[in-house]
Amino acid sequence: MSPLCECCSEHMNKLNQQVSVMRKEIKNLRQTLDSAIRAHRKQLLAVQAAVSKIGLSEEVKAPAPSPPSPSPAALERGNIQTVPIGYISSCFSVKNGTPRQPTICGPSRAELRIQPSVFNNPEHALVGLEQYSHVWIIFLFHKNGHLSYKAKVRPPRLNGQRVGVYSTRSPHRPNALGLTLAKLDKIQGDTLHLSDIDMIAGTPVLDIKPYIPEYDSPDTRRSYEEDSEPCNSNTDQMNEDKRNLTNLPEGSDIDVQLNTEDRGAANDYVGNLLPEEKTNTNATGSSHISAQCSLSKDLSNVLEEVKAFVNQDVFLSSESKNRGSDSPKTKPPLLEVDHPCYGEEAYTTIAGWIREPPVASLDVRFSLHAERELAEFIPAHLSGLSESHRPRFKFLRSTEEAVAAIRGVLSADPRSVYRRTRCKDKLFFFTLDTADITCWFGQGFAEVLQVTPLIRPTASSVCCHQERLKSLRARTIRLRHSFVHQAVSMLNSLPALTHTNSRPAFTSSL
């Protein structure tokens, strides 16, 4: 192949320049289209939120027909179609500032009304639920924005560290289901009044289950099983020996009320029990030798645990004794010998970052201006006041409760990792009940700057949002057609460029 002449090489350079220009134009078109799509989605969410707040969605939206019952084969495979039994009406209207766990904000309240489309008489499905103080709520993370998920996630409490999605409570999961334990305040007809919640308004609820500590709490379940389940003869005898050890009369050598010297005597007493058992074993007949040996073995294990426990408490009691004699003396609880764990743990374990996260709790402050604005809100239960110009809470029952709710939300640092690292100097906004909260974050603290009433949308504002939504849709369609047209024209012009010596007349325009 002959080498290219100077004319051909110059022509090839010009072609490469034109191709690079076309690539840049295509990239710019893609960025413009992506920004238009994001703006379109935001406007759509704003319109949906505005319509739902004024109640127009119930008038326009027809009741959805119940889905057909799944076939037995589909049910066995786990392929079912869920139907929400109701939607949450909460003091949190947006994701920003909503607690990530229900225990963060105790005064948070919500209402759940059972849909009539699920039951003809929804109140009948709630009969007997008033006997429970807490309920499990199974819901759907409907504000994820997308259905994508990853095997590893970055929880905000870990400040950017990656862990497996199933070791966290991230909403971005293969099945976007959430579970929360809420306090059941009362039931009125077909409506549940809840508190200690972490769900935003409009959350679809799939199921409700009562919280039963004997079944749901491992510690309570274990103590319940020890009191109720029958045991074999060796276990009964061992438990009886333990009760004899723990219920010794006062003044005995193993009483917990003893001081350090008495605990040493308790060690001698426990150590002397083992030879005594051996003597009793030798004194029995040959017919009871095997049973007594097994009993002595089990009892020796229990006594060794008691001895180790008493030795461990000697140091603790000596420290408390050296702290000073001016403090009032309190009676310690009686010694409790735990049931031996045959291969099972006697307690539950959790990840260390749950109790000691890298992100520390924040101190929450209120400016004087924010305190005055917050005091203007009328509590929810005071309905007889005629001051219509003052804002009113819908769920919160006092100013103190609102302050506690704001402290609970901000002390847990509701910011994402991105905002925490990239937007440190930016203001933070969130909504609580009918109040818009404006705050900023400093080193180890958060300060509330402003508390303003939430502006309720009107019918005219909804119409304005709908007009803007239509214009955004039209703009997105125009940009999409323009992008496709220019990309096709650029690609079609490439073969013609290779067969002409004239400079291609390419002009980029948007």
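This is a short dialogue on reading a few features of a predicted model.

Reader: Before the details, how many helices and strands does the protein chain have?

Author: There are 13 helices and 12 strands in the protein chain. It has 510 residues, of which 31% count as buried. As for the outside, about 33,200 Å² is exposed, with 53% of that supplied by carbon and sulfur atoms.

Reader: And what share of the contacts with a separation of 6 or more comes from residues 24 or more positions apart?

Author: That share is 71% in this chain.

Reader: Let's take a helix. Which residues of helix 10 are buried?

Author: Start with the general idea: an α-helix has 3.6 residues a turn, so residues three or four places apart point the same way. Now the case here. Helix 10 covers residues 368–375, and its buried residues are Ala370, Glu373 and Leu374. Look down the helix axis and those buried residues fall within an arc of 100°, so they line one face of helix 10.

Reader: What sits on the face turned away from that buried side?

Author: Leu368 and Arg372, both exposed, are carried there.

Reader: Which elements do the buried residues of helix 10 pack against?

Author: Their partners are strand 9 (363–366), helix 11 (399–411) and strand 12 (445–453). Try turning the view: helix 10 lies across strand 9 and strand 12, and runs at about 40° to strand 12.

Reader: Those strands belong to a sheet, I take it. What is the strand order?

Author: The order is 9-12-11-10, in an open sheet of 4 strands with mixed pairing. Strand 9 and strand 10 (428–432) are at the edges with a single partner strand each, so one side of each has no neighbour in the sheet. From one strand to the next, the twist averages 30°.

Reader: Is the pairing of strand 10 with strand 11 parallel or antiparallel?

Author: Antiparallel: strand 10 pairs with strand 11 (residues 435–442) over 5 bridges. For a spot to click on, take Phe429, whose bridge partner in strand 11 is Thr438.

Reader: One last residue. Is His40 buried or exposed?

Author: Here the cut-off helps: a residue counts as buried under 20% relative accessible area. His40 has 17% relative accessibility, so it counts as buried. You'll find His40 in helix 1, which spans residues 6–53.

Reader: Which residues is His40 in contact with, leaving aside its neighbours within four places in sequence?

Author: His40 then has contacts with Leu469, Leu472, Arg473 and Thr476.

Technical notes:
Residues are numbered from 1 along each chain as its sequence is written. This is a predicted model: local features need pLDDT of at least 70, side-chain atom pairs count only at pLDDT 80 or more; totals for chains, interfaces and linings use all residues. Side-chain values use heavy atoms; hydrogens and water are left out. Buried means under 20% relative accessible area, exposed over 50%, partly exposed in between (1.4 Å probe, protein chains only). Helices (H or I, at least four residues) and strands (E, at least two) are DSSP runs, numbered from the N terminus. The arc is that of the directions from the helix axis to the C-beta atoms. Contact means heavy atoms within 4.5 Å. Accessible areas come from the Shrake-Rupley method with a 1.4 Å probe; for residues, only the protein chains shown count as cover. Two strands pair if DSSP finds at least two bridges between them. Axes are lines fitted to C-alpha atoms, for helices over the stretch in contact, and angles run from 0 to 180 degrees between N-to-C directions.
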